[in-house]
Structure formats: structure tokens, C-alpha cells
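Please look over the sequence and the model shown below before reading on. The paragraphs that follow lead from charged pairs to the nonpolar cores, then to the DNA and finally to one arginine.

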4 protein chains.
Amino acid sequence: MPAHPASRTPARIQGESGEAKVKRKGGALVDLAEQQEQRRGRPRSEAVERAIIDGVVALVEEGVPLAEVSIERVARTAGVGKATIYRRWSGREELFCDVLRAVEPEDPQLTGASMREDLIALLESMRLRGLANRSSALLHNVYAQMKSQPKVWAVYRATVIEPRRRLSLEVLRRGVENGEIRDDVDLELVNDLFTGPMLVRSVMRPDDAELEAGLPEQIVDSVLRGLRP
Amino acid sequence: MPAHPASRTPARIQGESGEAKVKRKGGALVDLAEQQEQRRGRPRSEAVERAIIDGVVALVEEGVPLAEVSIERVARTAGVGKATIYRRWSGREELFCDVLRAVEPEDPQLTGASMREDLIALLESMRLRGLANRSSALLHNVYAQMKSQPKVWAVYRATVIEPRRRLSLEVLRRGVENGEIRDDVDLELVNDLFTGPMLVRSVMRPDDAELEAGLPEQIVDSVLRGLRP
Amino acid sequence: MPAHPASRTPARIQGESGEAKVKRKGGALVDLAEQQEQRRGRPRSEAVERAIIDGVVALVEEGVPLAEVSIERVARTAGVGKATIYRRWSGREELFCDVLRAVEPEDPQLTGASMREDLIALLESMRLRGLANRSSALLHNVYAQMKSQPKVWAVYRATVIEPRRRLSLEVLRRGVENGEIRDDVDLELVNDLFTGPMLVRSVMRPDDAELEAGLPEQIVDSVLRGLRP
Amino acid sequence: MPAHPASRTPARIQGESGEAKVKRKGGALVDLAEQQEQRRGRPRSEAVERAIIDGVVALVEEGVPLAEVSIERVARTAGVGKATIYRRWSGREELFCDVLRAVEPEDPQLTGASMREDLIALLESMRLRGLANRSSALLHNVYAQMKSQPKVWAVYRATVIEPRRRLSLEVLRRGVENGEIRDDVDLELVNDLFTGPMLVRSVMRPDDAELEAGLPEQIVDSVLRGLRP
DNA sequence: GCCTAACCGAGACGGTACGTCACGTCTTTTA
DNA sequence: TAAAAGACGTGACGTACCGTCTCGGTTAGGC
């Protein structure tokens with residue numbers, strides 16, 4: 001799964017977008033490659049890959065500060081050689097990036113019944129993510145750490161944040177078509193009006209107080225009031 | 001100015017709020033202290049303190065990733081012994097925290113003319129801070145770094161974020177009294193409705209596109225529309 | 001070769017005496033051990049070990065005072081990481097101890113023709129060692145250094161001094177049997193009567209003047225005169 | 001008493017021999033000097049000087065390895081500022097040198113009755129010194145330390161060893177005149193025949209066993225037997 | 001059923017940075 | 001001006017990781 005230059009993992013077919021994943025698959029050509037230049041020698045163990053990522057998750061969940069999660073320590077925890085890690089990822093950054101993807105919750109399922117309901121569902125998924133962060137301490141840490149590592153941050157944005165933003169904009173577009181909100185607004189701005197307050201609570205002040213269950217509804221309704229046609 | 005346990009900076013007398021700033025001198029009370037419990041031995045050089053902080057700023061502005069800003073390197077850059085740094089700060093975290101405070105822009109001056117104008121001024125100062133971050137690469141990095149270090153993050157919140165939040169809430173309170181917004185709203189929530197969108201732009205997506213000059217006004221007006229009595 | 005607790009050098013079969021060397025070998029059992037608990041991971045490089053010891057010797061021969069031969073400097077000189085040194089020796093003391101053994105000259109070859117000749121040969125080897133010390137400045141320094149470090153001094157005595165003392169006593173014993181000296185003497189004392197004067201010259205006053213070639217003969221004959229039956 | 005360039009101890013007048021002792025005052029002449037070129041400002045406290053040297057002695061007697069007797073530690077122990085030490089000695093070496101002189105036992109009193117008795121008295125003083133060393137742990141350590149510091153070693157030899165060697169040679173010279181030993185011998189060599197064995201016991205093997213009381217007599221008689229006319 | 005290439009664990013290797021300590025110099029107040 | 005205090009630049013200490021590199025020992029195909 002990593003984008004490491006040394007990566008030679010055979011090929012695991014998959015979705016359609018993910019930038020990094022792209023490097024290792026891609027349809028018929030890959031199948032061809034698989035047949036032609038099938039990797040020789042002992043194939044890499046998927047169990048090892050899981051053990052490594054699980055090791056990082058375990059460490060962070062035990063409360064180890066992310067800064068102290070060294071490759072060396074991950075190797076010890078996972079009972080794995082350092083080289084085995086470097087064979088898959090080029091360094092901490094890349095590894096953490098994959099760890100992050102591994103724990104990232106699924107996209108919320110939208111009913112499409114109304115824009116308001118979908119927006120609340122979106123914000124609710126953010127709220128739950130915030131709660132998960134707080135309880136597991138994982139995302140909250142990895143997230144913060146990432147920002148100091150621009151490369152990883154870019155990947156994260158492209159693979160996690162942007163898709164959700166597009167999803168959110170789509171919901172708003174339907175809201176305009178349905179007449180749920182005026183049509184003379186900048187949807188990008190409107191999107192931020194909804195997600196911004198939620199983020200402030202779940203990321204910037206995650207321990208302010210329990211993220212109350214009703215918060216998404218409150219935000220959506222407060223903002224919507226100013227957007228009605 | 002650091003909170004290092006070894007800190008023996010003379011003046012301890014202080015005003016009423018700022019925990020860290022407190023440790024520094026400031027007026028007649030301090031002179032008194034100087035006479036009374038004058039520190040013995042050679043006093044610490046303020047020039048050295050400035051040189052160290054300026055060294056960090058210089059490194060970051062040259063584009064050095066914050067992760068590579070080691071104490072050792074700071075010492076070399078500032079032409080200072082490592083021990084001199086550790087005398088003042090207990091480690092990277094504490095140092096960066098003070099660096100951050102050193103570059104933190106001043107609180108915005110509020111006219112008090114109307115709640116709307118004050119809110120726009122507040123958001124405008126956030127926008128400028130975002131721009132500064134992006135151009136200097138400093139705050140953006142230090143900020144991210146801090147979040148992965150809970151201790152520093154806590155200090156930063158207490159000394160920088162919270163005061164501004166209180167300022168912001170005060171503005172809103174006056175808005176309720178003036179009748180600029182309804183009086184049946186949760187001011188904490190309303191505050192997030194204003195600052196959230198601005199933060200999303202300036203912190204989470206600082207390079208999305210230039211932070212347009214009109215953004216604060218747009219946000220304030222959009223949100224206000226739903227809050228009028 | 002070091003006795004460092006962290007030492008895990010596999011096992012190098014060898015001679016019969018050296019106390020420290022003993023710790024790492026020992027005949028058939030070792031061969032067994034090699035098969036059974038073959039050291040895992042990359043084996044330590046003997047070339048590196050030599051480079052380190054040679055580095056120390058080179059420094060001392062250049063005239064660097066032993067007090068300035070820091071581990072850090074040895075590492076630089078030998079082109080080696082500090083950890084590589086600490087992996088083998090627990091500190092300066094242990095390292096110097098092995099350096100000393102490395103430069104310690106071989107035991108003299110005794111003809112056994114007569115006690116007098118053997119005694120002269122023993123003293124001659126001490127004289128040459130004294131010369132070597134003076135010209136290379138090495139033993140003279142390491143020797144002095146050692147004495148201030150009881151642990152190393154004890155090892156040195158056990159592995160270098162004692163064996164020679166036993167050798168010397170054996171020579172004297174044969175002298176008694178041959179009738180070359182009286183049989184009512186304390187051999188320990190007699191031994192000191194021979195070696196003491198030589199040591200005073202070669203160790204205590206190494207720069208007094210060249211150690212003349214005839215000195216051993218003079219000492220042996222002068223002392224022997226009082227010991228004849 | 002130190003030879004430190006910064007030394008400003010008043011009294012420069014001096015006796016006739018001891019180079020180091022010279023620097024200190026000694027009677028009326030000094031008083032005169034004090035009046036004439038009275039040092040300006042606060043005079044140095046002799047109590048401080050004693051406190052420093054006593055501090056070193058105390059540390060060593062407590063069993064602190066000489067290598068850990070840092071200037072910093074001496075200053076703490078003696079309750080004295082570092083600068084106060086550096087004002088008097090240029091560094092560890094010089095300080096230790098004076099410490100050594102402070103604990104060096106007095107020259108033995110020779111009766112002059114016979115060469116044999118005087119030689120035994122000389123060796124007896126060496127024996128006692130050896131015992132003292134062992135019990136106090138001081139000389140034994142300082143002695144060893146010194147040898148690794150050529151400058152101090154030179155001073156020690158000049159002020160302590162040489163005078164005794166001259167004394168010893170003088171005794172032998174009288175022995176030749178008295179007819180107690182032959183007159184065709186190299187006195188330097190003969191001297192070593194007596195002192196060498198004693199040194200081997202008291203310095204090289206100080207803990208071999210108690211230095212028996214009769215040892216000096218045994219050595220002298222054994223060696224003398226071969227030197228009689 | 002071998003052969004062989006790649007994987008795997010372990011850990012040595014040359015480095016860099018850590019945080020502490022002592023060096024010898026300096027700068028301050030106090031006496 | 002000495003003395004105590006302690007800040008200062010320097011640099012060694014011993015430890016921890018970095019990312020690379022051997023080692024002996026597995027696993028898989030492909031012959």
C-alpha cells in the first residue's frame with residue numbers, strides 16, 4: 001500500500017482515485033505484469049504489513065506520544081525487523097499516512113431525502129470522528145503530526161479531505177436545486193459555514209466538553225436560517 | 001520568559017492573567033523585588049534570549065522543516081551554547097512555545113462602534129494571521145507542531161486562544177444588548193459560527209487560494225442574517 | 001575482546017591463559033554453542049575493532065595527551081560511530097585496557113640454559129618495553145592512566161603482570177634447584193630484588209637517560225653476588 | 001603557593017632550595033614585603049586556600065575517584081567560588097600538585113650512625129608512605145594521576161623525588177667512605193638496588209599483603225651482602 | 001525435489017541529536 | 001579588589017534512532 005520506491009508489492013486492484021494506490025495497480029496492464037514479471041522469490045507477507053500498522057495503532061492507543069513512535073520502536077512492538085518496514089515505507093511519514101488511512105472511518109451514508117438531513121449526517125460523522133479521536137487519542141495525534149509534514153498532509157488532503165468536501169458540495173448543490181437554500185450564494189463559502197463550526201469543536205477544542213449529540217442539528221439550523229430563499 | 005523549572009529569572013511579581021508573561025518584569029513592583037531578592041551571580045543576558053528566538057525564526061523562514069530545527073542547530077545558528085538554551089527552556093516544546101508567542105500578532109483594536117464591525121475586525125485579524133503564516137511559513141509550522149505536544153498546546157490555548165475567545169464572546173454579548181442579534185442563542189455556538197469558517201480557510205486550507213480580502217465581511221453577513229431578532 | 005556486558009562476540013577459540021579472553025571461548029563446548037546459539041544479526045566486524053584500537057595508538061603516538069583521547073575523538077579518528085565503540089567497551093577504561101594488551105610485547109623467550117641468562121632475558125624484555133614506552137609514549141601513558149582506574153588496573157595485573165611474575169618465580173625456583181642461588185631465601189623477595197631496580201629505571205625514570213644496554217646484566221650480577229650459596 | 005600566572009600572593013622572598021615552597025612567605029622578610037608593596041584591595045584569605053586543599057583531601061578520602069574530583073565539585077565541597085580556585089591555580093593539575101605536597105610526609109630523620117641503619121630508615125619511610133597511601137587512598141591515587149600529566153609529574157619529581165634521591169646517594173657515598181660497601185660500584189645503580197624492591201612492593205603491589213615491618217631490613221641486608229668490599 | 005531469489009528476524013554500522021555535566025572565562029553584587 | 005554566585009561558549013559524556021548494510025534462516029515459485 002505504500003508509495004515507497006522500493007515497493008514491489010504485486011498489485012492489488014482497487015477503487016478508482018487514490019493517488020498513492022494508483023502507483024501499484026491499474027487494470028489489465030497490471031494483470032499482464034503479474035503474469036509476465038511475477039515477482040520472484042518469497043512474496044511479502046500481508047500479515048507482517050498488518051502487524052506493523054496494528055503496532056503503531058496499539059502504541060498510540062496506549063498513550064505513547066506520536067513523537068516517540070520511532071521506527072525502531074514500531075519494529076520492536078510488531079516483532080519485525082527494521083528493514084522489513086523500510087522495504088514497505090520510505091520513512092515515518094509514509095507509514096503514518098497509511099496508518100491514518102487504516103483508521104479513517106468510512107464515509108457517512110447519505111439518505112438524499114433532504115439537504116438538511118444530509119448535512120446533519122455529514123456533521124454527525126465529523127462529530128463521531130471527533131469523539132473517536134478523543135477516546136482513542138489516535139487520529140487526534142496523527143492528524144496534528146501530519147500537519148508538520150507537508151508531504152503527508154498533502155496526501156491526506158487529497159485522499160481523505162477533498163473527497164468529503166466534494167461530497168458536501170454536492171449535497172449543497174442539490175439543496176439549491178430543491179430550493180432549500182437561495183441560489184445566489186457561494187457554495188464554497190456556505191460549505192465552510194457548516195463545517196467550520198463543527199471542526200472548531202471537534203479538532204480545535206476536542207476536550208472542551210462532551211461533543212453534545214445535538215450539535216450538528218443546532219449548527220445546521222442556525223446557519224440555514226440565514227440561507228433560506 | 002520560559003516556564004522551565006530551572007528558571008530563576010528575578011521578577012516574579014505580576015499582574016493578573018497571563019501566566020507565562022507574568023514571570024517577567026514590569027514596573028515598580030519589580031524594582032522592589034530587585035532590591036529585595038536580587039538574584040545573585042551573573043544575570044542572564046536578554047540579548048542571548050533574543051538571539052535564540054530569532055535564530056529559530058530565521059531557520060524556519062529559510063524553509064528548514066520544523067522537525068529539523070534541533071536544539072543543537074538552534075544553538076549553532078544563534079552562536080550560543082546548548083546549556084544556555086536548556087537553562088531557559090526544558091526542551092524543544094517549551095522553546096517553540098515562546099517562539100510562537102514572540103511572533104504572535106497583537107490583539108486587534110476594536111472600535112466598539114457595532115458588533116458587526118468588531119466581528120469583522122476580529123475575523124480580519126485571523127485572516128491576516130493566516131496570510132502571515134503562509135508567507136513566513138512560521139506559524140503554520142509551529143502551530144502544527146504544537147498540537148502534537150499536548151503540554152505546549154495547553155499553554156498556547158490558555159495564553160493565546162482563550163483570551164481571544166473571551167474577547168469575541170464579549171463582542172457578541174454587547175451585540176445581544178444592542179439588539180443586533182437575538183437573545184435566545186447560545187453565544188458559545190454563535191461564536192463558533194463566526195470563527196469556524198474563518199479558521200477552516202486560514203488554518204486548514206491556507207494555500208487554497210489567496211484569502212480574499214472580503215471574506216470576513218461575507219462570513220459575518222451570511223451568519224448574521226440567521227441571527228437577527 | 002572486551003569484557004563489556006553488552007559483548008556478544010560469538011566465540012573465537014584461542015590460546016590458554018588470558019583471563020578476559022576466556023570469557024568468550026572455551027573449546028568444544030563453544031563449537032557446540034556456535035551451532036546452538038549462533039549469534040543472530042550481522043556479526044561485528046573485526047576490522048572495525050582493529051581500526052578503533054589502532055586509532056587510539058595513533059593518537060597517543062602523535063603526542064596527544066591521554067586525557068584528551070576522548071571516545072568522541074577516537075571515533076572521529078577511526079572513522080567510526082560512537083555507538084560502535086560503546087557496543088564493545090563500556091567506556092574509556094575498558095577500551096584503554098584492551099589497547100594496552102594490544103601493544104603489550106610478547107613474553108620473552110627463555111633459553112633455560114641457566115638461571116642467570118633467563119633472568120637477564122627477563123630484565124632485557126623489561127628494558128625494551130621501557131624504551132618502547134619512551135619512544136612511542138604509549139605504554140607510559142596508558143600505564144599511568146590505568147593506575148588511577150582500579151578496575152582496569154586489576155585486570156591488567158591479572159592478565160599481564162601476574163603471569164610474568166609467575167614466570168619469573170619459576171626461573172628462580174630452577175635456580176635454587178641448580179644451586180645457582182642459596183635455598184634459604186624468600187623467592188618473592190628475591191624476585192623483587194631483580195625486577196625492582198629495573199622497574200625503577202624503565203617506569204619511574206624512563207627519561208633519565210637512555211636505558212643502557214648493559215643494565216640488566218649489571219643488576220643481575222650485582223644481586224646474584226649476594227645470593228650465591 | 002601555586003605557580004599560576006595569575007598568582008598575586010604577596011611574599012616573593014624565599015629561602016634557598018624548594019622551588020615551590022619559595023613562593024610562600026616565611027617570616028620577617030615577608031612582613032617587610034607586605035608593608036612595602038602591600039597588595040591592594042582585599043587580601044586573599046588563607047583560610048580559603050586551606051579549605052580548598054582540605055576539600056580535595058576530604059573528597060579523595062571519602063573514596064571519590066580522582067577522575068571525578070572536578071574543579072566544580074571541589075568548589076562546591078569547599079563552599080568556594082570557582083573563580084577563587086582559578087585565581088590561585090591554573091587548573092586541576094596544579095591544584096593536585098599542591099595537594100600532593102600538602103600530604104607528603106616529612107623526610108625521614110637519619111641518625112648517620114651507619115649506612116645500613118640510614119638505608120633502613122629511608123626504606124622504612126617509603127614503607128610507611130605506602131601504608132599511608134593504602135589507608136588514605138590519597139597518594140596512591142594522586143600519584144597515579146600525576147603520571148598522566150607530565151607537567152605535574154615533572155614538578156613532583158623535582159620537588160619530592162629528586163631531593164630524596166640525593167639524600168639516598170649521600171648516604172651511600174658515606175657508606176663507601178666508611179668502607180661499608182665496595183668503592184668500585186655505580187652508586188646510581190646501587191641506589192636503585194635498594195629502592196627498587198621497596199617501590200615494587202609499596203607502589204606496584206600495594207595491596208599484595210600488608211607491607212611487613214621487617215621488609216626494609218631484609219632488602220638492605222640481602223643487597224648489602226653482594227656489595228661488601 | 002531441488003534451485004534460487006526474495007523475504008524475514010536480528011543487529012552492526014556511520015551518523016545526528018539528545019539532555020547533562022564540567023571546563024575555564026566572564027560579569028554581577030556584596031563585603 | 002577579593003569573594004560567592006552563576007551565566008556563558010565549548011565540547012565530551014553515554015543513549016536513542018536514523019536509514020543502510022550484512023548475516024543466517026525461511027518460504028515460495030520455476031525448473
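With a relative accessible area of 41%, C:Glu217 is partly exposed, and this residue offers a convenient way into what is a predicted model. C:Glu217 takes part in a salt bridge with C:Arg116, in which the closest N and O atoms are 3.2 Å apart. The two partners come from distant parts of the chain, since C:Arg116 belongs to helix α7 (residues 115-136) of chain C and C:Glu217 to helix α11 (residues 215-225) of chain C, with their positions 101 residues apart in sequence. C:Arg116, at 27% relative accessibility, likewise counts as partly exposed.

In chain D, a salt bridge joins D:Arg174 to D:Asp118, with 3.5 Å between the closest N and O atoms. Here again distant parts of the chain are linked, D:Arg174 lying in helix α8 (residues 150-178) of chain D and D:Asp118 in helix α6 (residues 115-136) of chain D, 56 residues apart. Are the two partners buried or partly exposed? D:Arg174 is partly exposed, at 30% relative accessibility, whereas D:Asp118 is buried, with a relative accessible area of 1%. In chain A, salt bridges with shared partners connect A:Arg116, A:Glu217 and A:Asp221 into one network.

These pairs belong to a total of 52 salt bridges found over all chains when the whole structure is searched. Another of them is formed by the side chains of B:Arg88 and B:Glu49, with a distance of 2.7 Å from N to O. Because B:Arg88 lies in helix α4 of chain B and B:Glu49 in helix α2 (residues 46-61) of chain B, this pair ties together parts that are 39 residues apart in sequence. Both positions fall under the 20% cut-off for a buried residue: B:Arg88 has a relative accessibility of 2%, and B:Glu49 a relative accessible area of 14%. The side chain of B:Arg88 also reaches the backbone oxygen of B:Thr84, at 3.4 Å.

From the charged pairs we turn to the nonpolar interior. The largest nonpolar core comprises 49 residues, and those with the most contacts inside it are A:Leu172, A:Phe194, A:Ile219, B:Leu172, B:Phe194 and B:Ile219. Two or more residues of this core are given by each of α7 (115-136), α9 (150-178), α10 (187-204) and α11 (215-225) in chain A, and by each of α6 (115-136), α8 (150-178), α9 (187-204) and α10 (215-225) in chain B. B:Ile219 shows how the two chains meet at the level of a single residue, for when residues up to four places away in sequence are not counted, B:Ile219 touches A:Leu189 and A:Leu193 as well as B:Leu123, B:Phe194, B:Pro197 and B:Met198. A second, separate core contains 48 residues, including C:Val190, C:Leu227, D:Leu119 and D:Phe194.

Next comes the DNA. Which residues are closest to DNA strand E? Of the 47 residues that surround the strand, the closest are B:Ile71, B:Glu72, B:Tyr86, C:Arg88 and D:Tyr86. Sugar and phosphate make up 68% of the atoms of DNA strand E that come within 4 Å of the protein. Individual polar contacts reach both bases and backbone: a base oxygen of the strand is 2.7 Å from an N or O atom in the side chain of B:Lys82, while phosphate oxygens are 2.8 Å from such an atom in the side chain of C:Thr84 and 3.3 Å from one in the side chain of C:Arg87. The elements that give two or more residues to the surface near DNA strand E are α5 (82-86) of chain A, α3 (71-78) and α4 (82-88) of chain B, α5 (82-88) of chain C, and α3 (71-78) and α4 (82-88) of chain D. The largest share, five residues, comes from α5(C). By residue class, this surface divides into 14 nonpolar, 13 polar and 20 charged residues.

The last stop is C:Arg182, located in the loop between α9 (150-178) and α10 (187-204) of chain C. C:Arg182 is buried, its relative accessible area being 16%. Its side chain makes a polar contact with the side chain of C:Asp184 at 3.0 Å and reaches the backbone oxygen of C:Gly226 at 3.3 Å. Apart from neighbours within four places in sequence, C:Arg182 is in contact with C:Val176, C:Gly226, C:Leu227, C:Arg228, C:Pro229 and, from another chain, D:Arg225.

Definitions and conventions
Residues are numbered from 1 along each chain as its sequence is written. Chains are lettered from A and ligands numbered from 1 in the order in which they are written. This is a predicted model: local features need pLDDT of at least 70, side-chain atom pairs count only at pLDDT 80 or more; totals for chains, interfaces and linings use all residues. Side-chain values use heavy atoms; hydrogens and water are left out. Helices (H or I, at least four residues) and strands (E, at least two) are DSSP runs, numbered from the N terminus. Buried means under 20% relative accessible area, exposed over 50%, partly exposed in between (1.4 Å probe, protein chains only). Contact means heavy atoms within 4.5 Å. A polar contact is a pair of N or O atoms within 3.5 Å; within protein, one must be able to donate a hydrogen and the other to accept it, and residues adjacent in sequence count only if both atoms are side-chain atoms. A residue is near a molecule or strand if one of its heavy atoms lies within 4 Å of it. Ala, Val, Leu, Ile, Met, Phe, Trp, Tyr, Cys and Pro count as nonpolar, Asp, Glu, Lys and Arg as charged, and the others, Gly among them, as polar. A salt bridge is a side-chain nitrogen of Lys or Arg within 4 Å of a carboxyl oxygen of Asp or Glu. A nonpolar core is a set of buried Ala, Val, Leu, Ile, Met, Phe, Trp, Tyr and Cys residues joined through side-chain atoms within 4.5 Å.
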